[in-house]
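This briefing goes through pockets, sheet architecture and backbone geometry. Please keep the sequence and the coordinates at hand while reading.

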Amino acid sequence: MAELIAAAFPGVLVTSDEPGEVLRDLARLCSGRNWNLVSWSADGNCEGGPTDPQSAVSALPNTGDGETPSLLAMVHPQRYFNSPELLAAVRTALAAGKTRRTHLILIQPTGELPPELRRDFATVAHPLPDRDELEAVARGVATEAGELPEPLTPVLDAAAGLTRGEAENAFALSLVRHGRLDPGPLWELKAKQLSAGGPLSLHRGGVGFDALGGMQALKVFCRTALTNGSPRAEAKGVLLLGPGGVGKSSFARALGREVDRPTLTLDVGGLMAGLVGATEENTRRALATVEAMAPCVLFVDEVERALAGTSGGAQDSGVSARLLGTLLSWLADRPAGVFVVCTANDASRLPPELTRSGRFDATFFLDLPGDEQRAGIWETYRERYGIAAGESTPADVGWTGAEIESCCRLSALLGVSLAEAATHVVPVSVSAAEPLAKLRRWASGRCLDAEAGGVFRPGDDSQSPDAPRRRTSRPAKQNHSLN
């Protein structure tokens, strides 16, 4: 902001959900440089100036002397931009500001502006509070002995991604419930805030890798990448390709538990909006929240469906293409601490730009589980649904973990044997045999084997849903490391 004012930018748009914090920051900035600052808001708090927005903007050029910058900060002016008179006054003030050294600062939650003004304002995003600022808020709320835990890091991690006001409320709720600051109420509040109609949802806890059968090479790769602690290299993420039901989504959630990070699920389809500029604004806000919550795991499920049409032919005025461009740029330059797990069921619908080297650390193919993996999955779901260990298992060649769970659940639900419950299950290896074969052919030589490691190669018997896979790099039991 200081650079923009010093460079005589007449219009600056500040996006923030905390206008009070923006005004305080502007006041400190202007006080330190002897600049003039006047604020305006719709409640009449105008520091003696005009109460209507048009008059306030029209008076701005008269406050400048051509040398010392004079700033007019307007809080939430977007509600008034349907007035052609106000738009004309803004354009006049911007034209005069270049010589009078006057600056119009708009503070609003979104970056949306009328078409007449869209190219006249430089945009600055006011960031969510970092951990140092959250610690100051926590110490301001918890003032009695014993209310601040040591260390304070778990509380600050739980508060990351909240605004200052939200964090203050969560800290106060924690004191009421526990008599001290505790991460629980903060995670609870954050989960509710994210799920309130936004494209992000929060997942914590649940099962770790021990509850997931197979995927040994994938588990080792991700665990090593996130715990190796290299001072020079930062883990970016993985792209998981495979048929539905093989555990891609379960892996993404278990990974967060395994490395003690929250898992954020991004609904890319939820970013799309009908209003001009709304999709870009939703994307900006979602990614800003993800960055504020780092370190975390970001999970994007069925990314090929979410980005369908971005490679051309979409009838949405280019919104999908711009969304893809924003995501690709962010994936290439994402901040430290954000590990992205994207899953896909159909390689043919993946934008080629997404699979380019540098977006992810590796691309893994998750095939149908083998005999040993299926046996472990049966054991897990027998115990979960109370099925006797001695009951025989139905023929399960070509079954996924989701289909094994469905069989056990139907057995418990209908009160029938596993064999009878299996008659209600049609495995994906049968219902989608052709797409599965096509997916395996695409993955051959392009992806790593999530189970055995090395480059994935389908078995010689491509018609068999449970065909063995040929390994090209290392034996099945040998784990690999990033070191």
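In the residue classes used below, Ala, Val, Leu, Ile, Met, Phe, Trp, Tyr, Cys and Pro count as nonpolar, Asp, Glu, Lys and Arg count as charged, and the others, Gly among them, count as polar. With that division, the lining of the largest pocket has 15 nonpolar, 11 polar and 9 charged residues. The model is a predicted one, and the values given here are computed from it.

**Largest pocket**

- The largest pocket holds about 920 Å³ of space, and among the 35 residues that line it, D17, L128, G161, R285 and T289 are the closest to its centre.
- Three helices, α5 (131-141), α8 (183-195) and α11 (278-292), each supply at least two residues of this lining.
- The helix that gives the most to the lining of the largest pocket is α11, with 8 residues.

**Second largest pocket**

- The second largest pocket has a volume of about 730 Å³, and of the 40 residues in its lining, those closest to the centre are L212, M215, V246, G247 and S250.
- Two or more residues of this lining come from each of α10 (248-258), α14 (371-384) and α15 (401-414), and the largest share, 6 residues, is that of α14.
- By class, the lining of the second largest pocket is made up of 13 nonpolar, 17 polar and 10 charged residues.

**Sheet**

- An open sheet with mixed pairing is formed by 7 strands, which follow the order β6-β8-β9-β10-β7-β11-β12.
- The edge strands of this sheet are β6 (200-203) and β12 (448-449), each of which pairs on one side only.
- Strand β8 (residues 263-266) pairs with β9 in the parallel sense over 3 bridges, and L264 has L298 in β9 as its bridge partner.
- Helix α8, which also contributes to the lining of the largest pocket, packs on the sheet and touches β6 and β8, and its direction makes about 150° with that of β6.

**Cis peptide bonds**

- E150 and P151 are joined by a cis peptide bond with omega at about 0°, and P151 is found in the loop between α5 (131-141) and α6 (153-159).
- A cis peptide bond also joins A294 and P295, where omega is about 5°, and P295 is found in the loop between α11 (278-292) and β9 (296-300).
- The elements that flank these loops recur elsewhere in this briefing, since α5 and α11 each supply at least two residues to the lining of the largest pocket, and β9 is one of the strands of the open sheet.

**Positive phi values**

- R101, a residue other than glycine, has a positive phi near 60° and is found in the loop between α4 (84-100) and β4 (102-108).
- With a relative accessible area of 17%, R101 counts as buried, because the cut-off for that class is under 20%.
- E302 is likewise not a glycine and has a positive phi of about 45°, and its place is in the loop between β9 and α12 (303-306).
- E302 has a relative accessible area of 27% and is therefore partly exposed, as this class lies between the buried limit of 20% and the exposed limit of 50%.

Definitions and conventions
Residues numbered from 1 in each chain as written. Predicted model: local features only at pLDDT ≥ 70, side-chain atom pairs only at ≥ 80, totals over all residues. Heavy atoms only, no water. Helix = DSSP H or I, 4+ residues; strand = E, 2+ residues; numbered from the N terminus. Buried < 20%, exposed > 50% of the residue type's maximum accessible area, 1.4 Å probe, protein only. 1 Å grid on protein atoms, 1.4 Å probe; cavity = no way out; pocket = protein on both sides within 12 Å on 5 of 7 lines; lining within 4 Å. Points joined across faces, edges and corners; volume = space filled by probe spheres on them. Pairing = 2+ DSSP bridges. Contact = heavy atoms within 4.5 Å. Axes fitted to C-alpha atoms, helices over the stretch in contact; angles between N-to-C directions.
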